[in-house]
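Student: Got a minute to go through this model with me? I'd like to talk about rings first, then pockets.

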Amino acid sequence: MKELKQPGWYRFQLQIQKSIFSLLIVLSIIASASFTLLRGNAMDLTHAVVISPKSSNATLSKALLVLGEEIERRTGVALPVKHQLPAAKQPVIIVGLNEDIKPFLGSEWNILQRIEAPDAEGFRMMTQSQPRPVVVLAGYDARGVLYAVGKFLRMANMKSGSLQIAENLAFSSTPCYPIRGHQLGYRPKTNAYDAWTAAQFDQYIRELAIFGANSIEIMPPRTDDDATSPHMKVPALQMMIDLSRIIDSYGMDVWIWYPNMGDDYTSEASLRFELAEREEIFSSLPRIDVVFVPGGDPGDLHPGILFNWLGRVAGVLHKYHPKAKIWISPQAFRPTKEWFDSFYANVNRHEPWFGGVVFGPWVKTPLPEIRRLVATDIPIRRYPDITHSLSCQYPVPEWDLAFAMTLGRECINPRPVAEKHIHNAFRQYANGSISYSEGTNDDVNKFIWSAQDWNPETPAIETLREYGQFFIGEAFAEGVAQGLLALEKNLQGPILANQHIELTLRQWQALEQTASPDVLANFRFQMGLLRAYYDACVQRRLIYETGLEQEAMDILRAATPGTVLNAVDRAEKILALARSKPVAQDYRQRCDELAEALFQSIGAQLSVEKYAASEGRGDFMDYIDAPLNDAPWLSTQFNLIRQQKSEQAQFEAVKTLIARTDPGPGGFYDNFGSAGSLQRVAPGEGWATDPGGLLSPRVSFGVGLIGEEWVHTVTAKGFEGNATPLAWMNQVTTLYDTPLKITYDNLNPKMRYRLKVAYTGRFRSRMKLTAAPEFLIHDFIQTGRQPVYEFDIPQAATQTGILELIWTCGEGERGSQVSEIWLMPEK
């Protein structure tokens, strides 16, 4: 598609970028080739025989089935399975429990025994080429055999008509954590799962098992969601039964996320209804190992009521699944000290049905503190939100507002380095994890968490290379691995200064140009490619639209009392070029094509209008054209200027508009969505040790609407639904009762200052502001009713030349939020 001609400054900046990026592409290709050349000698197993002892164990049989089917899927070669050794020279792959495979081994047995012995769910693996090619996959137990098969498949080089693996391998591997899994919810709120068949779930669960997962969490038909969606192929209960059967077929644990959705848990009639629903479900599922009940989000109950109720649920559960346990999380949107005291007191009673504590989103207590509060014999499972990028447990730190407005809360979000860091920041406090997922957008993150739960020392790049090799193919393994790392770099820091974004696109385009039709149809390849085009499209648009706004503001600055209306009209026409002459339309079109391809390949719903997505759940294609400058707000201001009755009044209104952020001589202005302003904010624990921001400030997004508890998207509308400045769309935030501290120095002790502050954001908490050490600026006020407030600062608060402002929330509030500050000397 031909690009429309754009202003010279825009074309010049792009040309500089392209020159830099071309050099970087060459260096990247050299690095990729170097990695390939470092590989060792390989054994040919194309004509191998799989040898396994006879066994009635279903998980062992499944492991052999997985091995054969996944090899055939990628090579077209069907390896025979036999229970005795073939002729002397034929390559063999020996698979089984450690003690059962000895009859098939000669000298290999002695080599195998010198490898460190694995523990539960672990395995030994060895390869040797002489006297004949041999691979040994020896599990400690049946699950260990499945994971040995998985590791072999991840390491093998498979392509049409060929199966190879490196020779002279000898190692053992045992998982570090007993809980390793992911949530797969068949419900409308997800961005793809509700469109899947049982066969698609089976393949996905298999792939998670190949990478070491041992648990899958499913959901009941009734949650905080609609009962059905236009994408669902079968009723929710039927799919739940099918999923329980599929998970069990791989020998994996079945967890159920089961929120309390009843109206009254003190009413006997309501409780009987709830118990009847659970009995229908528990009696229908072939396997249940754990029922996880969130304390809230949704289903807020006081802990005393909650634990009494779950004792009755346990009675029903144990009729059909006697060994199943119930785990509980202290999740609550507006918790109090009394609520937590009651929760932990009930946890430590060690009810016989109680299995453990879950640490997940909207848990106020930091994980190390939970470990201290609960008895040492009570296990803790992490419930990490790996699916969201903002307004979540682990948001992208200091994200650019343009990405928050377009990619939004639930985009395709590979964050391999960040997810490894988040995992390892608290690795010593829990017994593993089952992730919170709402679709395929977090696909890469799932495999990173599985790898870290298996071994936290595993480099992220190692997992990405296995991901690329197993899912895309050997020829693309390194390119895909580096491309996924590059997509994470795209998210870091201001977009306008991010030189990685165009380079990332070129890397993915190079892969796209050499990809076969099968690779181009691969949904994992499609997701990475879509993000690369999308990010570059947003960057091009932001460069362009930022320039248009500056040009429009220059016109307004040059206005005189008699030329205001003409200047306003000209400025509005300049801003309108973003729509009449948009840039990056070739990128935009490719994004549309890839979004359609993802809908066809895996039912990914990236648009509400086109694909019937749930609002705010993966629908980032609906926001690819969102205005990236202040044009919507400026347009409303232009209309107000036109309504002024005199030329002088129009001129004064323009001056006020231009000077909106001006604090006057000797004053200070900060927008806390910008990196420069964030330097004034006390860092707290910091992201490195507190990536969830429970004890540290974070940047959050959204303005908030009066009467709305939750706003799904970051748009330039707030309070009563009117357009707002972009500066109101991001805030510095602290959660719950963690103080928010902002410091100003170099103040004049002889002057008085007035504070003007914008309180925006989706929390609308009751906040109090003090100045250190003990000056009350304002008592608790309910935010969310108006955006801007003004207060006098006591001169005694600035007598040292330093002003420390401290915001705190009342008990049960969700957090403090500040978007803008003007600190103005009084005349």
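**Rings, charges and pockets**

Tutor: Sure. Arg-814 has its charged end over the ring of Trp-362, 4.4 Å from the ring's centre. Keep in mind that this is a predicted model.

Student: OK. Which ring does Arg-74 lie over?

Tutor: That's Phe-470: Arg-74 lies over its face, 3.8 Å from the ring centre. Arg-74 also turns up in the second largest pocket, as one of the residues nearest its centre.

Student: Let's stay with rings for now. How many aromatic pairs are there?

Tutor: The count comes to 40. Take Phe-211 and Phe-447, an edge-to-face pair with 4.8 Å centre to centre and 70° between the planes. They link distant parts of the chain, 236 residues apart: Phe-211 is in the loop between H5 and strand E11, and Phe-447 is in helix H13.

Student: Is Phe-211 buried or exposed? And what about Phe-447, buried or exposed?

Tutor: Phe-211 is buried, at 3% relative accessible area. Phe-447 counts as buried too, at 1%.

Student: What about Tyr-533 and Tyr-587, how are their planes set?

Tutor: Their planes are at 70° and the ring centres are 5.9 Å apart, so this pair is edge-to-face. Tyr-533 sits in helix H18 and Tyr-587 in helix H20, 54 residues apart. Both tyrosines are buried.

Student: Which residues do ring pairs link into a cluster?

Tutor: Phe-307, Trp-339, Phe-340, Phe-343, Tyr-344, Trp-353 and Phe-354.

Student: Right, pockets. How much space lies in the largest one?

Tutor: About 990 Å³. It has 36 lining residues, and the closest to the centre are Glu-549, Asp-630, Asn-671, Leu-726 and Ala-727.

Student: Which element gives the most to that lining?

Tutor: H18, with six residues. Others that give two or more include helix H22, helix H23 and strand E18. By type, the lining divides into 21 nonpolar, nine polar and six charged residues.

Student: And the second largest pocket, how much space there?

Tutor: About 860 Å³. It is lined by 31 residues, and those nearest the centre are Arg-73, Arg-74, Phe-471, Asp-518 and Asn-522. H5 gives the most, with five residues, while helix H2, H18 and helix H20 are among the elements that supply at least two. The split here is 13 nonpolar, ten polar and eight charged.

Student: Last one: what does Thr-59 touch?

Tutor: Leaving aside residues up to four places away in sequence, Thr-59 touches Ala-142, Arg-143, Tyr-250 and Gly-251. Thr-59 lies in helix H2, and at 12% relative accessible area it is buried.

Key:
Residues numbered from 1 in each chain as written. Predicted model: local features only at pLDDT ≥ 70, side-chain atom pairs only at ≥ 80, totals over all residues. Heavy atoms only, no water. 1 Å grid on protein atoms, 1.4 Å probe; cavity = no way out; pocket = protein on both sides within 12 Å on 5 of 7 lines; lining within 4 Å. Points joined across faces, edges and corners; volume = space filled by probe spheres on them. Helix = DSSP H or I, 4+ residues; strand = E, 2+ residues; numbered from the N terminus. Nonpolar A, V, L, I, M, F, W, Y, C, P; charged D, E, K, R; others polar. Buried < 20%, exposed > 50% of the residue type's maximum accessible area, 1.4 Å probe, protein only. Contact = heavy atoms within 4.5 Å. Phe/Tyr/Trp six-rings, centres within 6.5 Å; stacked < 30°, edge-to-face > 60°. Lys NZ or Arg CZ within 6 Å of the ring centre and 35° of its normal.
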